[in-house]
Amino acid sequence: MTSGAAMDVHLVAEGTYPFHLGGVSVWCDQLIRGIPDRHFGVSAISATGRERPTWEIPGNLVSVRPLALWGEV
């Protein structure tokens with residue numbers, strides 16, 4: 001989920017996007033898809049860092065970096 005594209009906006013998501021469904025995840029997805037001319041990155045704080053995305057990753061989301069609370073990435 002990384003590419004050589006420059007990042008315009010970086011989000012920090014705690015226990016939400018892109019690994020879980022729900023209100024904040026919906027907001028993150030709508031924000032990223034709603035501004036398609038910007039490249040986004042997400043640092044996703046999660047339990048283990050090995051979670052798999054439940055959202056389809058849009059083309060302008062150029063990086064997803066899982067950050068584990070417990071365990072090693």
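Both Y17 and W55 are buried. In this predicted model, the two residues make a good entry point to the fold.

**The aromatic pair**

A search of the whole structure finds 1 aromatic pair. Its members are Y17 and W55, with ring centres 5.7 Å apart and planes at 50 degrees to each other, a tilted arrangement. Y17 sits in the loop between β1 and α1, while W55 sits in the loop between β2 and β3, so the pair links parts of the chain 38 residues apart in sequence. A pair of aromatic rings is described by two values, the distance of the centres and the angle of the planes.

**Overall layout**

The chain contains 1 helix and 3 strands. Along the sequence they follow the pattern β-α-β-β. Of the chain's 73 residues, 34% count as buried. Consider contacts in the chain with a separation of 6 or more: residues 24 or more positions apart account for 65% of them.

**Helix α1**

Helix α1 covers residues 23–34. At 1.5 Å a residue, its 12 residues should span 16 Å, and the end C-alpha atoms are indeed 16 Å apart, so expectation and model agree. Which residues of α1 are buried? They are S25, C28, D29 and I32. Seen down the axis of α1, these buried residues fall within an arc of 95 degrees, so they line one face of the helix. The general rule behind such a face is simple: an α-helix has 3.6 residues a turn, so residues three or four places apart point the same way.

On the other side of α1, G23, W27, Q30 and G34 are exposed. What do the buried residues of α1 pack against? Their partners are β1 (9–14), β2 (40–46) and β3 (61–68).

**Strands**

β1 and β2 pair in the parallel sense, over 6 bridges. Within β2, S43 stands opposite V12. β2 also runs parallel to β3, and 7 bridges join these two strands. Here S46 stands opposite A68 in β3. β2 thus pairs with β1 and with β3. Of the 7 residues of β2, 6 are buried, so this strand is largely enclosed by the rest of the structure. Together, β1, α1 and β2 make a right-handed β-α-β unit.

**Two loop residues**

I35 lies in the loop between α1 and β2. T54 is found in the loop between β2 and β3, as is W55 of the aromatic pair. Both I35 and T54 are partly exposed.

| Loop residue | Relative accessible area | C-alpha partner | Separation along the chain | C-alpha distance |
|---|---|---|---|---|
| I35 | 32% | N60 | 25 residues | 8.6 Å |
| T54 | 46% | F19 | 35 residues | 5.2 Å |

Contacts add to this picture. Leaving aside neighbours within four places in sequence, I35 is in contact with F40 and N60. N60 is also the residue whose C-alpha atom is 8.6 Å from that of I35. Not counting residues up to four places away in sequence, T54 touches P18, F19, H20 and L21. The C-alpha atoms of T54 and F19 are separated by 5.2 Å, although the two residues are 35 residues apart along the chain.

Note on methods
Residues are numbered from 1 along each chain as its sequence is written. This is a predicted model: local features need pLDDT of at least 70, side-chain atom pairs count only at pLDDT 80 or more; totals for chains, interfaces and linings use all residues. Side-chain values use heavy atoms; hydrogens and water are left out. Helices (H or I, at least four residues) and strands (E, at least two) are DSSP runs, numbered from the N terminus. The expected span of a helix is 1.5 Å times one less than its number of residues. Buried means under 20% relative accessible area, exposed over 50%, partly exposed in between (1.4 Å probe, protein chains only). The arc is that of the directions from the helix axis to the C-beta atoms. Contact means heavy atoms within 4.5 Å. Rings of Phe, Tyr and Trp (its six-membered ring) pair if their centres lie within 6.5 Å; planes under 30 degrees apart count as stacked, over 60 as edge-to-face and the rest as tilted. Two strands pair if DSSP finds at least two bridges between them. A crossover is right-handed if, with the strands pointing away from the viewer, the path from the first strand over the helix to the second runs clockwise.
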